[in-house]
Protein chains: 2
Amino acid sequence: MNEHLLKINSIIEQLDGDTLGALGAVSKIKTYKKGDFLLYQGEVCRYGFWIESGIARKFYLNENKELTTELLFENDLAVAFSSYVTQQPSQEFIQAVTDVRVSSIDNSSFQRIKGQFSALMELDLLMTEYYTMWLEKRLFDFHTLDASTRYSQLLRDQPNIIQQVPLTYIASYLGISLETLSRVRAKIKY
Amino acid sequence: MNEHLLKINSIIEQLDGDTLGALGAVSKIKTYKKGDFLLYQGEVCRYGFWIESGIARKFYLNENKELTTELLFENDLAVAFSSYVTQQPSQEFIQAVTDVRVSSIDNSSFQRIKGQFSALMELDLLMTEYYTMWLEKRLFDFHTLDASTRYSQLLRDQPNIIQQVPLTYIASYLGISLETLSRVRAKIKY
DNA sequence: TATGGCATTTGACTTAAGTCAAATAATCAG
DNA sequence: CTGATTATTTGACTTAAGTCAAATGCCATA
């Protein structure tokens, strides 16, 4: 799965000038302040947000509770996938967790140039595959690991996340209540 | 999301003779008896299985319990996605729930012809997108719906599934114990 | 059509995590 | 610095679903 990232990077590095030019022409740098929304629920996700710096999160509301579906860091792509693909209203919000700088890519323009530059089609596929494998793992983890193990694993894989992201978001990302997270942390802390 | 299926079908219908020929050359009809395994855990998923008839399921083992990750019917594609994409050993089994007839497509050959026929690259992307949206919905449902609601929804969306698939598989597909499913059914039954 | 083997249901009890409420702790503006 | 606001922890109780064990139902075949 990590090898897949290398594949993606290698494709990106090998993009020719024309393709890069076309890509540049449909992208635009934007900045958001901490707390700002890159996308609201109900809006169509018309842009893919490539994160240049900062942290963002995707979440949705369920019974007045936020559920964070993804935490996004530098060089991650933030999109409300289903909305982006179907161009139907999004269930999800995308929000800046810190100040954020993104390169935003217009979906319809990207669709167009994908037909002209086959490397982009391949890139799109590879990135979608990566997200899909990530989703499969997330689903798997929810079924096989308890709250405490999911937290330990997050700590192991992204140890710095705790300093950068408030516990409320971590808890909702792990699919547990803030109180449960607090109790889990009390036990694990060394 | 259903519109996405139409898109996929329209691409399939518009495939030219050359592409279809290439596709046919890398596919092979196979049949399996009820209970047979199309793929074992630990094996690399070298084939995509397009189901011509019958029912299959994907599942993995966790603490000696089976967890069904997907139920597959006619015109579904059965693959252990992560294994198929990375060509690493699969966590999942694929098993025939009834007698099954599949058109199996060799992964490495498909990768090759994908580079030659761009419609196939696009088709691959569209089908991956469809699976990804399905996964997102599944994850969403697990977080937002209780056992009983998930069952009712399955009943609503695929009412005939109950006659065709043993309750053990349904339960594990819904991520609940067989006993809980039985209790849920006792209440809902009209 | 009797019987052994699955499939399904029912019962009694356990458990992980949630909820609600209150207490601390940390942070930040003035 | 200081109070106010927000973040985090702790406590007491509830709940959805799991577990283990036993009972019942449903066949397929010999």
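The following exchange discusses a predicted model with protein chains A and B and DNA strand C.

User: Let us start with the sheet in chain A. In what order do the strands run?

Analyst: The order is S2-S7-S4-S5, an open sheet of four strands with antiparallel pairing.

User: Which strands stand at the edges, and why is one side of each left without a neighbour?

Analyst: Strands S2 (37–39) and S5 (65–72) of chain A are the edge strands; each has a single partner strand, so one side of each has no neighbour in the sheet. On average, neighbouring strands of this sheet are turned by 35° against each other, direction ignored.

User: How many bridges join S4 to S5 in chain A?

Analyst: Seven bridges join S4 (residues 56–62) to S5 in chain A, and the two run antiparallel. Within S5(A), A:Leu71 is the residue opposite A:Arg57.

User: What does helix H5 of chain A touch on the sheet?

Analyst: Helix H5 (residues 118–144) touches S4 and S5 of chain A, and its direction makes about 135° with that of S5(A). Helix H8 (residues 167–174) of chain A lies across S4, S5 and S7 (93–96), at about 90° to S5(A).

User: Changing topic to the DNA. Which residues are closest to strand C?

Analyst: Of the 18 residues that surround DNA strand C, the closest are A:Ala147, A:Ser177, A:Glu179, A:Thr180 and B:Arg183. Sugar and phosphate make up 55% of the strand C atoms that come within 4 Å of the protein.

User: Where do the polar side-chain atoms of A:Thr180 and B:Arg183 come in?

Analyst: A:Thr180 has a polar side-chain atom 2.7 Å from a phosphate oxygen of DNA strand C. For B:Arg183, a polar side-chain atom lies 2.4 Å from a base nitrogen of that strand. In chain A, the side chain of A:Arg183 has an N or O atom 3.4 Å from a base oxygen of DNA strand C.

User: Which element gives the largest share of that surface?

Analyst: H9(B) does, with six residues. The elements giving two or more residues are H9 (178–188) of chain A, together with H8 (167–174) and H9 (178–188) of chain B.

User: And what is the surface near strand C by class?

Analyst: Eight residues are charged, five are polar and five are nonpolar.

User: Finally, how much area do chains A and B bury between them?

Analyst: About 2,900 Å², with 69% of it on carbon and sulfur atoms. Chain A and chain B each bring 30 residues to the contact. B:Leu125, B:Glu136 and B:His143 supply 20% of the area that chain B buries against chain A, more than any other three residues.

How values were computed:
Residues numbered from 1 in each chain as written. Chains lettered and ligands numbered in written order. Predicted model: local features only at pLDDT ≥ 70, side-chain atom pairs only at ≥ 80, totals over all residues. Heavy atoms only, no water. Pairing = 2+ DSSP bridges. Axes fitted to C-alpha atoms, helices over the stretch in contact; angles between N-to-C directions. Contact = heavy atoms within 4.5 Å. Near = heavy atom within 4 Å. Polar contact = N/O pair within 3.5 Å; in protein donor to acceptor, adjacent residues only side chain to side chain. Nonpolar A, V, L, I, M, F, W, Y, C, P; charged D, E, K, R; others polar. Buried area = accessible area lost by both parts, 1.4 Å probe.
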